[in-house]
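Open the model in your viewer and keep the selection tool at hand. We will go stop by stop.

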Amino acid sequence: MKILILGGTAEARQLASRLVALGHEVTSSLAGRTQDPILPEGNVRSGGFGGVSGLIAFLRTEGIERLVDATHPYARTISMNAVAASEASGVKLVRFLRPAWAPQAGESWIIVNSAREAVAALPAGAKVLLTTGHADLETYLERQDCFFLVRVIEAPGFPLPGHAALIRSRPPYGPEDERKLMNHHGVTHLVTKNSGGSQTRAKLDAARQAGINVVMIARPIYGPALEVDSVAAALAALDIGAP
């Protein structure tokens, strides 16, 4: 079958590898925001489709028979577009979404729904490890009474002000490295998104051990779709006769 996978996540790469091994023609679509992405097996395209209409046109022109949304849990726009395109084209959609994190014993999260709410939850003088990516970075930096340690894969397109510092790195991260990072910078608050998965879970463990406050931005609402949380479940949901 001809299958389109949306997303550059580790889960998307794992699924692409399995589908290619099973003999399917797989195209993975990456957002194109990362300069040196880890590429999946199969065909790869980069950049947007031009909204819902563009995605529908691509599905029809390329003869796509299955659509998988394996984007980052906070890529709300493309996830909503995938729902609309699936409904309009009749192409079956499966959403491969890693399970969300849940607070463990000893963790007390402040759960918010937006960057603006996260900013409001920070006290004056907070030293913040910010791991929310590029989105809404300017909103956080409005708080000049806080210090932000901004950790991203790609540097933002503007210089950071004096009350912020940049760390460019790519996951996975280990708990000991996270603990050392937080301790070295005197971090008092961790602001993050509920991305789920194991590659970045260590920051929550380190924060719990150090008694650091966690401000967690809840996941958005994506629209109705058949959701799975593993490669095996995705293969079964795609109904492609794979073992």
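One cut-off comes first: a residue is buried under 20% relative accessible area, exposed over 50%, and partly exposed in between. Remember, too, that this is a predicted model.

**Stop 1: two aspartates**

Select D136. At 41% relative accessibility, D136 counts as partly exposed. Find D136 in the loop between β7 and α5. Its phi is near 65°, a positive value in a residue other than glycine.

Now select D239, in the segment after α8. Is D239 exposed or buried? At 52% relative accessibility, D239 counts as exposed. D239 is not a glycine either, yet its phi is positive, about 55°.

**Stop 2: the start of the chain**

Select helix α1, residues 10–21. It has 12 residues and reaches 17 Å from its first C-alpha to its last. That is close to the 16 Å expected at 1.5 Å a residue. Colour the buried residues of α1: A10, E11, A12, R13, L15, A16 and L19. What covers them? The cover includes β1 (2–6), β2 (25–30), β4 (66–69), β5 (92–96) and α8 (231–238). After α1 comes G23, with a positive phi near 95°.

Add β1 and β2 to the selection. Together, β1, α1 and β2 make a right-handed β-α-β unit. β1 and β2 pair in the parallel sense over five bridges. Look for I5, which stands opposite S28 in β2. Strands of a sheet pair through backbone hydrogen bonds, either parallel or antiparallel.

Stay with β2. Five of its six residues are buried, so β2 is largely enclosed by the rest of the structure. Four bridges join β2 to β3 (residues 43–46), and the two run parallel. Here T27 stands opposite N43.

**Stop 3: a six-stranded sheet**

Next, select the open sheet whose strand order is β6-β11-β10-β7-β8-β9. Its six strands pair in parallel. Which strands stand at the edges? They are β6 (109–112) and β9 (164–168). Each has a single partner strand, so one side of each is left without a neighbour in the sheet. Neighbouring strands here are turned by 20° against each other on average, direction ignored.

Zoom in on β7 (residues 127–130) and β10 (residues 189–193). They pair in the parallel sense over three bridges. L129 stands opposite L190 in β10.

Then show the helix α6, residues 175–185. α6 packs on the sheet and touches β7, β8 (147–152) and β9. Its direction makes about 150° with that of β8. Add α7, residues 202–210. α7 lies across β6, β8, β10 and β11 (213–217), at about 155° to β10.

Before leaving, visit P172 in the loop between β9 and α6. The peptide bond from P171 to P172 is cis, with omega near 15°.

**Stop 4: the cores**

Show side chains. The largest nonpolar core has 20 residues. Which of them touch the most other members? They are L130, Y140, F148 and V191. α4 (115–121), β7, α5 (137–141), β8 and β11 each supply at least two residues of this core.

Select V191 and its surroundings. Leaving aside neighbours within four places in sequence, V191 is in contact with residues including A118, L122, V128, L130, Y140 and V215.

Apart from this core lies another, of 17 residues. Among them are L15, A16, V94 and I240. L15 and A16 will look familiar: both are buried residues of α1. In soluble globular proteins, nonpolar side chains tend to be buried together.

Methods:
Residues are numbered from 1 along each chain as its sequence is written. This is a predicted model: local features need pLDDT of at least 70, side-chain atom pairs count only at pLDDT 80 or more; totals for chains, interfaces and linings use all residues. Side-chain values use heavy atoms; hydrogens and water are left out. Two strands pair if DSSP finds at least two bridges between them. Axes are lines fitted to C-alpha atoms, for helices over the stretch in contact, and angles run from 0 to 180 degrees between N-to-C directions. Contact means heavy atoms within 4.5 Å. A nonpolar core is a set of buried Ala, Val, Leu, Ile, Met, Phe, Trp, Tyr and Cys residues joined through side-chain atoms within 4.5 Å. Buried means under 20% relative accessible area, exposed over 50%, partly exposed in between (1.4 Å probe, protein chains only). The expected span of a helix is 1.5 Å times one less than its number of residues. A crossover is right-handed if, with the strands pointing away from the viewer, the path from the first strand over the helix to the second runs clockwise.
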